[in-house]
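Me: I've got a model open here and want to go through a few spots in it. Can you take my questions one at a time?

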Amino acid sequence: MPRWHISNRKTPRGQLADVKKIIHGPERLAARSVTVPIESDPQRAAGVAGGLAGGRVRSFEMWWDAAESRLRFVIISDERDADDFERAFQVMYPNAAFDYMRETVPAWFDRRSAYRVFDVGTRHGHYAAVFDEPGGRSLITRMASAVQSASRAWIQFVFARLDCTPFLRTHMSRLDNRFMEINRGEYTSWGDEITGKKPRKHPELGYDFTSNYKGLKKHVMAKMQGAHLVMSIRGLVQGSDGGVQDVDLPFDRVSALSVDGIDSAYEHLAKFRYGYDRFYSSDAKKKKSQIRAPGPRGARDHRVCMFESRHLPDPDQFFGRAVSQYFDRGWWGLRGYRTRRPMPFLILNPSEVPLFVHLPDPSTPNVETTRGVRLPSKPSEKTGAGIGFFDSLDGPGPQQPGPAPGDAGAGTATG
């Protein structure tokens, strides 16, 4: 008997390499390196993270180079928007330090080198999935440890504010229509019409869709509340041996609110891998496989330009297709539900931003940190005042009143 499945039974392909159009991207890029604070309040950061999305495209990035044993976190936006982005990030992390950067791509990046290219999408078939994992704010910390098994890595979380209400409203309407169609009870297939069978119960009645309809609708209604943003997650990784061996990044740990009874054990997020030779085509004649964005060296640079220019795929290209594939694909055949493809971006509410954009735990190896803590007094046989010390990236800055005699020195330091 036919059975409607909410999710794919096998991992579908990503769509980043097939993007034809983009939405407005930064015109003149500006980059800021973020130094991780040794002390921060994760709850406070999560509470204000929704303000990171602006009217322009912004990017939160992780750069790793094993040769320098250096893990950097970088925020990038248009020159006119960079200061606003920095201020918004500083609200999340008041103790972080920000340094202006001349370069906007890692110094090691070379178009002629081979990399493992990936993007992240919904492995689950429900495009309105609500992301709410209690431990989600540790995602970047886990990734920061995972990428250090590679030689080099460049991972981007590129996002912009966008009103997704029309798409979600259409999705909601199709959910309702499908539910009523299945529960109407008078089902006739084309085979029934040929053989003259009377209308009967819908074969999907009591299976995945009707069992999970309330949960699916709850998710869409939750998504429609408040503002939206779209986020593309993508990366270039080079193996520790200089090759393109894969690095296991923990995107599958970010799960969604459960929808009871889903006929799948798949996680909601998955990493879709591309061979660099497929993603970066040197054949300028293959225009149909190139995104429509200017590259410094012409058409052959267009795909990789997605990373350098921080482009976002145009949602209009995918929204209509996503709704159609979600509801109109059959349960079998070459164009069945198993061939549904994810969108090359996630639809997020501001409350979901801190699952993906946050600084790592300061104990992460090879990450640069700032300190804003009271330093312990050094044991000494002499009596007198503990002077303490002050050492920061940007010079001494404003001095605080000195500590009381015998007390620990207070200040900031870098390490």
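Me: How accessible is Ser69, buried or exposed?
Reply: Neither, because at 42% relative accessibility Ser69 counts as partly exposed. The cut-offs are under 20% relative accessible area for buried, over 50% for exposed and partly exposed in between, with a 1.4 Å probe and protein chains only. Bear in mind that this is a predicted model, where local features need pLDDT of at least 70, side-chain atom pairs count only at pLDDT 80 or more, and totals for chains, interfaces and linings use all residues. Residues are numbered from 1 along each chain as its sequence is written, and side-chain values use heavy atoms, leaving out hydrogens and water.

Me: Where is Ser69 found, and what's its phi?
Reply: Ser69 is in the loop between E3 and E4, and its phi is near 50°, a positive value in a residue other than glycine. Those labels come from DSSP runs numbered from the N terminus: helices are H or I with at least four residues, strands are E with at least two.

Me: And what's phi for Arg310?
Reply: Near 60°, also a positive value in a residue other than glycine. Arg310 is in the loop between helix H8 (302–309) and strand E10 (312–313). Arg310 is buried, with a relative accessible area of 1%.

Me: Back to E3 and E4. Which aromatic pair ties them together?
Reply: Phe60 in strand E3 (residues 58–65) and Phe73 in strand E4 (residues 70–78), so the pair ties together parts that are 13 residues apart in sequence. Their ring centres are 6.0 Å apart and the planes are at 20°, so the pair is stacked. For Phe, Tyr and Trp (its six-membered ring), a pair needs centres within 6.5 Å; planes under 30 degrees apart are stacked, over 60 edge-to-face, and the rest tilted. Phe60 and Phe73 are both buried.

Me: How many aromatic pairs are there, and which residues do ring pairs link into a cluster with Phe60?
Reply: The structure has 18 aromatic pairs. The cluster is made up of Phe60, Phe73, Phe85, Phe89, Tyr93, Phe98, Phe157 and Phe159.

Me: What about Phe209 and Tyr213, how are those rings arranged?
Reply: Their centres are 6.2 Å apart and their planes at 45°, so that pair is tilted. Both are in helix H6, 4 residues apart, about one turn of the helix. Phe209 and Tyr213 are both buried.

Me: New topic: how do H4 and H9 pack?
Reply: Helix H4 (residues 165–183) and helix H9 (residues 316–328) pack at an angle of about 15°, with axes 10 Å apart. That makes H4 roughly parallel to H9. Axes are lines fitted to C-alpha atoms, for helices over the stretch in contact, with angles from 0 to 180 degrees between N-to-C directions. Under 35 degrees is roughly parallel, over 145 roughly antiparallel, 65 to 115 roughly perpendicular, and the rest oblique.

Me: Which residues meet there?
Reply: From H4, Phe167, Thr170, His171, Arg174, Leu175 and Arg178; from H9, Phe319, Ala322, Val323, Tyr326, Phe327 and Asp328.

Me: Last one: where's Leu269, and what is it in contact with?
Reply: Leu269 is in strand E9 (residues 269–275) and is buried, with a relative accessible area of 0%. Leaving aside neighbours within four places in sequence, its contacts (heavy atoms within 4.5 Å) include Val120, Phe131, Phe251 and Leu346. Leu269 and Phe131 are 138 residues apart in sequence but 9.8 Å apart in space, C-alpha to C-alpha.
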